[in-house]
Amino acid sequence: MAESMRGLKRTCRCAELGKENIGQTVTVMGWVQKSRNKGGIVFVDLRDRSGIIQLIFEESSVGSEGFGKAAKLRSEFVAAVTGEVAARSGAVNENLATGEIEIVARDIRILSESETPPFPIEENSRTKDDLRLKYRYLDLRRPDLQRNLMLRSEVTSQVRQFLAGEGFLEIETPALNKSTPEGARDYLVPSRVHPGSFYALPQSPQLFKQLLMCSGYDRYFQVARCFRDEDLRADRQPEFTQIDMELSFVDEEDVMDVNERLLQRIFRLIGVEIELPLPRLTWQEAMDRFGSDKPDTRFGMELRDVTELVRSCGFGVFTGAIENGGSVRGIRAEGQGSMPRKKIDKLVDFAKDFGAKGLAYLCINEDGSYKSSFAKFMTEEELEALVREMEGRPGDLLLFAADKNKVVWDVLGNLRLELAEQMDLLDKNRYQFLWVTEFPLLEYNDELGRYQAMHHPFTMPVEEDLPYLDSDPGRVRARAYDIVLNGTELGGGSVRIHQNDIQEKMFEALGFTKESAYSQFGFLLNAFKYGVPPHAGLAYGLDRLIMLMAKEDSIRDVIAFPKVKDASCLMTEAPGTVDPSQLEELGIGILKGGEE
């Protein structure tokens with residue numbers, strides 16, 4: 001039967017004690033990690049969020065009643081124990097922060113009993129994710145997840161302190177908004193008082209933070225909850241958290257400066273010193289060198305453009321791609337020349353998943369000879385020139401893709417990462433930051449038959465590219481910048497358009513009429529009529545940031561209550577059905593099999 005803690009106060013957390021506390025009387029409270037009854041003595045490991053401490057129960061110190069209670073303790077019972085801190089009587093446990101001490105119990109209260117948990121509460125759990133997420137409240141007791149969430153809390157606290165010190169104001173923006181295009185799918189919320197109308201949950205606070213700049217607040221930030229109805233993956237959830245900011249009377253350099261110093265402060269929490277300024281790559285250079293606009297620079301294996309070298313060679317796959325306006329590029333996998341054919345075939349299949357029609361390969365044997373899928377179509381001189389251009393050495397594997405630039409970049413960029421993982425080149429203890437700048441302002445959507453904003457419709461073009469908005473929109477660069485860490489986009493931002501004539505041109509390039517632009521964004525465009533300062537901003541994905549800092553592979557391990565791949569919650573069983581009366585009140589009918 002559970003006991004009350006009335007009249008009892010916890011003096012400290014379990015792992016807040018050390019040798020300096022020996023001789024003191026303390027009261028600790030927590031969960032039983034494990035209990036060992038040795039007959040005349042009971043050893044108990046008590047756990048709370050700070051860690052574990054060993055408790056000793058002997059009848060001579062705790063009394064017969066207390067000893068009887070201690071003997072009943074099982075995994076995940078909640079107990080309160082008062083006793084004296086003493087030097088550990090047995091061997092020191094070097095794996096525990098409290099490994100040199102123990103508490104000799106004088107009193108115990110069992111505050112709550114527990115059924116046998118469905119899985120062990122331990123670090124590095126091997127329990128299947130679905131079971132852990134069904135019992136997430138138990139999973140969250142595991143020390144590694146608790147460390148992750150405590151790190152998340154500390155990072156958020158440091159962000160607030162730093163930005164407040166830089167003159168930012170924390171301002172909340174609405175969660176019920178108007179649905180707007182040019183983004184991911186919205187989560188819609190039906191309105192009871194406006195039948196047939198819907199709110200949209202915010203994908204980001206973008207428009208509101210620009211309005212705050214129009215309102216003269218100068219520097220804004222928010223730790224903002226955002227929602228996007230899109231397919232999930234390891235670093236994506238339907239609801240997520242952004243560190244969102246906007247600044248007035250600034251340019252790219254100002255935004256980058258404040259954010260570099262913010263990152264430097266945050267990463268000191270995990271003992272990582274970031275050297276400033278951070279390196280920068282233009283989008284074009286990132287794509288040409290790494291095949292990605294979020295390149296992982298912890299390793300080399302950069303792309304090489306060999307288009308001109310093979311333009312007139314005898315291999316039709318190469319020459320055909322070039323004649324169709326494409327390119328031929330390759331990567332060198334150092335020391336992988338002896339890779340078995342079956343493994344190479346798997347790489348070919350991997351490349352096809354990203355749009356490749358195939359993958360050409362050349363293995364350089366240790367004796368300098370070649371084993372290749374295309375050598376017979378080229379002269380020895382052409383092969384040697386290609387190997388020299390790729391800086392190939394005996395024992396290396398060379399892989400080539402030939403197609404439109406977009407396909408070649410996508411194929412080799414992903415192949416590069418796949419090989420790096422196979423070759424164990426992805427060191428989680430290294431943190432390689434960089435800025436990627438000068439993105440294309442627009443990208444052509446073949447399905448829609450028009451251009452779309454690569455970031456959003458309010459991104460400022462590079463001034464010297466403005467003339468191309470009418471004649472060659474795909475050539476226009478944006479004053480946009482992404483912060484990238486170890487191949488993951490941590491956040492992105494841009495200088496915003498604040499001139500009406502440029503904003504109108506941007507909407508024209510995106511296929512908006514003046515009427516449709518005002519229908520969607522009228523409240524912002526009207527605000528721009530009343531004096532709008534030059535402004536710029538950036539937003540981080542907090543979940544991704546913590547995932548990398550904690551060296552986890554999924555953001556689910558740094559979010560308290562995450563969703564699974566189909567956007568459902570295994571613990572609460574959301575989403576769920578609602579009472580028909582609620583639907584009737586909202587004027588909503590559910591269609592099944594085409595019938596209401």
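This passage describes the overall build of one protein chain and then its second largest pocket.

The model is predicted. The chain holds 596 residues. Its secondary structure consists of 17 helices and 22 strands. The C-alpha trace extends over about 90 × 75 × 55 Å along its principal axes.

Burial was computed for the whole chain. Buried residues account for 48% of the total. The accessible surface amounts to about 29700 Å². Carbon and sulfur atoms contribute 47% of that surface.

Contacts were then sorted by separation in sequence. Of those between residues at least 6 apart, 67% link residues at least 24 apart. Charges were also located. The chain carries 75 positive and 97 negative charges. The mean positions of these two sets lie 4 Å apart.

Attention then turned to the open spaces of the model. Rolling a probe the size of a water molecule over the atoms reveals where empty space remains. The second largest pocket encloses about 550 Å³. Strands S1 (25–37), S2 (41–48) and S3 (51–58) each give two or more residues to its lining, as does helix H4 (143–165). In total, 23 residues line this pocket. Those nearest its centre are Gly51, Ile52, Glu123, Pro143 and Arg147. Helix H4 makes the greatest contribution to the lining, with 4 residues.

Definitions and conventions: Residues numbered from 1 in each chain as written. Predicted model: local features only at pLDDT ≥ 70, side-chain atom pairs only at ≥ 80, totals over all residues. Heavy atoms only, no water. Buried < 20%, exposed > 50% of the residue type's maximum accessible area, 1.4 Å probe, protein only. Contact = heavy atoms within 4.5 Å. Areas by Shrake-Rupley, 256 points an atom, 1.4 Å probe, with all protein chains shown as cover. Lys, Arg positive; Asp, Glu negative; His and termini not counted. Charge placed at Lys NZ, Arg CZ, Asp CG, Glu CD. 1 Å grid on protein atoms, 1.4 Å probe; cavity = no way out; pocket = protein on both sides within 12 Å on 5 of 7 lines; lining within 4 Å. Points joined across faces, edges and corners; volume = space filled by probe spheres on them.
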